[in-house]
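Colleague: Hey, got a minute? I'm new to this one and would like a quick tour.

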Amino acid sequence: MTVTLVLTCLFIAILGVLVSAPLSLVPALHVYNVIGLLVLIYLPLSAFLGPMFMIMFMFGLLVGYAMMNTLTSVYFSTPDDSTIFIVLPAQKYLTQGRGHEAVLLSAIGGLIGVFFLAVLVPLTMGVMGTLRELLAPHLFWILALITVFILMSEWPKDFSRGQSKLERLAKGWSTLIPGIFTFFIAGFFGFIIMRSQVIPAHRGFQTLLPAFVGLFAVPWILTNLVSEMDIPEQHVTDSVDIEGKNAARGGAAGCLGGLLAAFFPAVTGGTGGLLAGHATAQRDERSFILSQGASKMVYYVGAAFLLFIPGLHLTRGTMGIMVNLFYTPQTTSEFFLVAGVIAICGFIAFLLLIVMSKFAIKIVENIPVTKLNIGVLIIIHVIVLVVTSWQGLMIMWIGTSIGLVPVMFHSRRLNCLGVLLFPLMIELGGHGAFLAGLFGLS
Amino acid sequence: MDRKRKDGQDEETAFDKEAGWQSFKKGSLGGRKRTCPACGRETSQELNKCEHCTSHQEKRWSVKGIIAIGLAMLLVGSVFLSLGAVHEEPVLKIEDLSPDHSFRNIRLEGDVVDINYWDIDYSDYGRLEITIYDGTGLCSVYVQKETLEELVEEGKLPYLGDSVDVHGRFTGSGVESTTHDGEETVRVDGSVTVSEADLFDIKRKEYESFDLNLVSGAGREERLDEHSKARIRGYVGEHRELSSGDYLFYLYRGTEHISVTIPRHSLELTGGWREDIRGEIVTVRGTLNWYEPYWESEGSWELVADGMENIDIIDAHLTYERVSIDELDHAEKEDFNEGSRKQITGSYEWYNSVSAGQLIDIHEGPSSVTVFFPWYAEKTHEDLDELTKGDIVEIKGTLDWYGYGEDRGEWQIIPDGLDSITLIGEKEYNEKDVSMLLDDPEAYEYEYVNLENVVVSSINWYRDDEGEFYTRNFFVKDGIEENGPSLNIYINYWEGRLTELYENDTLTIRGLFKSYTYRGETYWEVVIRDHSRDEIMYQEEVYL
């Protein structure tokens, strides 16, 4: 690999980061949707443009997005599957005028994630190969355990307010049952859209976009609209309230969670972070936001990075799958190149995030909250319509109705991730055809 | 946050009360204030946490500090990029490959010792399998169609004897014993699949010039190394497609030849057999290979061409030395160098087809030189058919000593390609009469003669198997009243026989005046030949 090629790759990757900055401010627009479209454009042009250039641009986009997608979650309350957990603490920060600080906390986590990916992941190359071989036959029940954990770790609310034991029991289950219902209804929903061709075939790779937007983003917007939440003036701080030990704990938990998510199919960055947070007894709010930043960085970028690790070449995450459509990494040089690009682009994305956060503050300060939320809702609809046509809108609305269940019954929104976990668990267990038959999908 | 203090209060609630009480106690309502770095609102300077947002006021990480630490990522990234630029994959030895390497990407270096090109299901899908030898063992390397097309575009199509550096995914279960070039070695039970053209490097070796005669006659252990790169010049003879899809042609120099194989993969991937090399002198670059067919007790060296692109026609730069036919006819072996290129001019007089090819004689007066068209020159016969005896031709070719005894032999010329014969004119028939010819026959020997108004004096009649009378041999004299000598007229080919001829017929005859010997006596005759402008005319009516 020549120095010129390396520098060209770096330049293209930085270009990707720059492009990702404005894209990260568009609610509901997921980087995977952009990458999917890019690959569609690239495939016919592959004879003229080297695959490494395309891959570098995609990595730039991905690193930039993984760092900056916090913005929409913090300022516009439009999370995706990996930022769903940030919204609640971030809204608290936002109402205190500390939205920028929440963004910075997440960004510090992102930086730790980049460091983890670039420096520590390479050291675990050998272990990962062995781990993959060990775990591959057991993914079904591991996912089942994760599901059980998600369902069982939801703590009953209001159970102490009842007069009798029976009443307390009923009140306790009044939030748990909707939670379990949400998980399975989202699961069946995911199973149906994955098994059937609801979205037009030529847009098939965007199937999950409307589902995620409907489950996670739209309910938040609707809640904000109903609650008429007021966003105070935001303070652009030049320091962050975090201590070393909290940062270390949050970063470690986030990286571990992100790695789990990158490694296991259907486990997203948010879930991975949550699991790791539980595992490391994480309770501090600041650590939590930081860990989510680290987790999504490791999840998004790490999943694609696994494909480049010599001896592992694991295809995980949408980007990994997309890259594998037209390229199979083979050399250690490519691994070094990607690791270097991740490190440099990660830092550049961090700097960009500070700028973009200030820009986002201007938006939320100058546009009334209600108008902002309506505007975001319109943007979401336009994107879903353009990318997935009217069928996508239908899926999004169904997803929204499911996503509103936990909002209305005060159960955990995390259960919406059943949309991914359940169908994949069923398929890995070899029961997909049977269930599809029951639904008349076969 | 559900954390409880020892006094049972919720920590957050307790904190808010405490912060408020402390601020009141210390007179914060009217005391010193500072701006909370987190929320930007005024809060008491005495408090560690903001009374509004509860954020810590001190021990905060500055953004500049974080950026400074983040700069380390640039350093880390630069180190990795540098590694990417300078890193070279370690080259493994084939003998060290084991099942542990399976499904890993490995790098091997070695010489190509075998090539197979596979079509699958007769579709246009194909792949190349090369076997490489690195001194420790043999391993198959597969190159899939798409990569193969890229290799062709980049001029990296491998040929026998090339050194290659490959990087690809290995699948295999280890090595097993085998032999290569008569030596014990190992062969990998598996293969490496290369899926990127960038991961396939080729190092072409220098070609060494070899004399075709040296290669043709050499034994296996003699002077030549198998799979060494060679450049050999010769004349392209007959060719054919082999059942394997390879093309075979023979490369000649004089009567010596070697076989040249063009591998199928190069033909299919780079454009196929080129007709334009047929009958041309070419330089072929390729790899020497010892070919030992099972039906022959001994093998021979063949040249496996590095594709059609490594066959160059050379016809413009050869120089020929002009030599007279008389000089050649009388020259001894030591007078000329065998293989030297000569140019002669003379009249085409005689043709004969022999098992080894075709022979023609080119004359210059009584002297002649045999020109030998080897049998491999497929088009020669047709070309010679277009020649008419008496045509004056110029021939460029290579001198060849055709020996037929201890100290006997003669120089002959083997033309260098089909365009080595150039027609430059026709030999004229000279007006003569019978008495003039027979008065001093030696002076006119081999002269083309035109005998006007000669009279048939006698006829030798013969009868064929079907009982029909004919003649190919009669005598003529100058006039019906003359008592002068008679000259034998001989039609030397069967189709020219005459069935209607009478004594005293007046004829005009064109033919070759020459002598012949019968029972030790020398006689003279005019020969009427086929493939010539010789003819017998009777009062404007043409017999032949």
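Colleague: In chain B, what share of the contacts between residues at least 6 apart in sequence join residues at least 24 apart?

Modeller: That share is 57% in chain B. Two residues are in contact if their C-beta atoms, placed from the backbone, lie within 7 Å.

Colleague: Anything I should know about the model itself?

Modeller: It's a predicted model: local features need pLDDT of at least 70, side-chain atom pairs count only at pLDDT 80 or more, and totals for chains, interfaces and linings use all residues. Residues are numbered from 1 along each chain as its sequence is written, with chains lettered from A and ligands numbered from 1 in the order in which they are written.

Colleague: OK, how many helices and strands in chain B?

Modeller: Chain B has 9 helices and 31 strands. Those are DSSP runs, numbered from the N terminus: helices are H or I with at least four residues, strands E with at least two.

Colleague: Switching topic, how many residues of chain B are in contact with chain A?

Modeller: 37 residues of chain B, against 43 residues of chain A.

Colleague: And which element gives the largest share of chain B's side?

Modeller: α2(B), with 14 residues. That helix spans 63-86.

Colleague: Do tell me about strands too: in what sense do β1 of chain A and β3(B) pair?

Modeller: Antiparallel, over 2 bridges; strands pair if DSSP finds at least two bridges between them. In β3(B), S62(B) is the bridge partner of S239(A).
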